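User: Hello! I am new to this structure and would like to know how its terms are justified. Could you walk me through them?

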Amino acid sequence: MKNIKIIVNMNFGLESVVKRELLDLGYEKLEVSDGQIKFDGNLRDIAILNLRLRSAERVFIEIASFEALSFEELFDNVYAIDWEDIISEEGNFIVQGRSAKSKLFSVSDCQRITEKAIIKKLQRTYKIDYFEKSKERYKLEVILYKDVARILLDTSGSGLHKRGYRAASYKAPISETLAAGLIQLSFWNDSRVFWDPFCGSGTLAIEAAMIGKNIAPGLSRKFDFEEFIFMDKEIMKEEKVKCYQEIDYDKELEIYGTDISRQAIEIAKSNAEILGLENDIKFFVKDIRDLDLAGDYGVIVTNPPYGVRIGGDDLAELEKELGKLYKENPTWSLFAISADEKFEKNFGKKSNRNRKLYNGRIKTYYYQYHGPMPK
Ligand SMILES: C[S@@+](CC[C@H](N)C(=O)[O-])C[C@H]1O[C@@H](n2cnc3c(N)ncnc32)[C@H](O)[C@@H]1O
């Protein structure tokens, strides 16, 4: 497996953010489509991408792609793959599936046939009847779209939003990958003040601090690919060392996270501590109605409560408070994600830009209020 096809997927709406991340990492010839980006790479790239991508969900290797109009065609093409080079005798391989606009529409049959072909092929090498599947995991996907089958291997395992720092969370936390995407879509950079006035478990503030200090998001967790038999273990070690060397430990940041809930602030603080960021983020209890922002030209990136009533406060009232805060701080920019279509009305101002984003399956809007650029 020298030259491989790599696919990274992401929440709908974050394609341009992940594309920018990939270009910044030096990747080229990116084929972008809804929710995914495909490009050529090698096994080292699997380590680099899992460690460094902030807004993508998973990194896959495309093992094969072929036309499949019948189950025989599906079986034969899967059987033709050199599975013994990919899966060990005790490897725990799992086949999941999806099908759309294809003759082979029964997902369970596609999964069953794919698994059968893999087993038959592995039996040729391993000469066993029963696979115990007791060791490293290989999550495979058979995806049929317009009669083309693709076989993907998930190298991440758990989704990339699992960074390893959110030991605890408080009410409706935002996903870490989406939070990183929102920050990268905002005007914030590490020389400006960052503030999340509804910080909950601290995700947005922590992601901003990780960006500011150049901490690779995957450094504190494990990935499935680390155990794959075809993966050279040295690669991950080397790539981790590079990530550690690039951390800007001395970078001074001005990042605030405030919330009305004491419990949320305790959780946010302990999450930041896991990454050693406790001195880089100021978390404290504050009702948005009493908030005084520190400094000029700061950037608010936030995920206000949505749901009809939260903690006794009316959603409309909190959005109005946010609008007031923006009005009272004319040099600040504000970016808020919400599923509430009446957000702008309650906020009291139409946004400069509004972007549709999917938070998993929930349709949300990213309302963007542009303040002046710092002088
Ligand atoms: C959707 S949650 C934010 C989740 C957060 N982004 C995270 O990742 O955990 C909204 C937060 O707003 C807080 N909140 C509700 N009313 C508030 C108020 N009046 N002032 C400040 N925070 C408030 C809640 O305690 C809750 O933590």
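User: What makes the pair formed by a nitrogen atom of the ligand and an N or O atom in the side chain of Asn303 a polar contact?

Analyst: Happy to help! The two atoms are 3.0 Å apart, and a polar contact is a pair of N or O atoms within 3.5 Å (within protein, one must be able to donate a hydrogen and the other to accept it, and residues adjacent in sequence count only if both atoms are side-chain atoms), so the pair qualifies. This is a predicted model, where local features need pLDDT of at least 70, side-chain atom pairs count only at pLDDT 80 or more, and totals for chains, interfaces and linings use all residues. Residues are numbered from 1 along each chain as its sequence is written, and side-chain values use heavy atoms, with hydrogens and water left out.

User: Which backbone atoms lie 3.1 Å from an oxygen atom of the ligand, and which lie 3.2 Å from a nitrogen atom of the ligand?

Analyst: A backbone N or O atom of Ile174 is at 3.1 Å from the ligand oxygen, and one of Ile260 is at 3.2 Å from a ligand nitrogen. Both values are within the cut-off, so these are polar contacts as well.

User: Why do Ser201 and Asp259 count as near the ligand?

Analyst: A residue is near a molecule if one of its heavy atoms lies within 4 Å of it. The ligand is surrounded by 22 residues, and Ser201 and Asp259 are among the closest, so they count as near.

User: How many residues of each class form the shell around the ligand?

Analyst: The shell has 12 nonpolar, five polar and five charged residues. Ala, Val, Leu, Ile, Met, Phe, Trp, Tyr, Cys and Pro count as nonpolar, Asp, Glu, Lys and Arg as charged, and the others, Gly among them, as polar.

User: By those classes, what lines the largest pocket?

Analyst: Its lining has 11 nonpolar, 10 polar and 12 charged residues.
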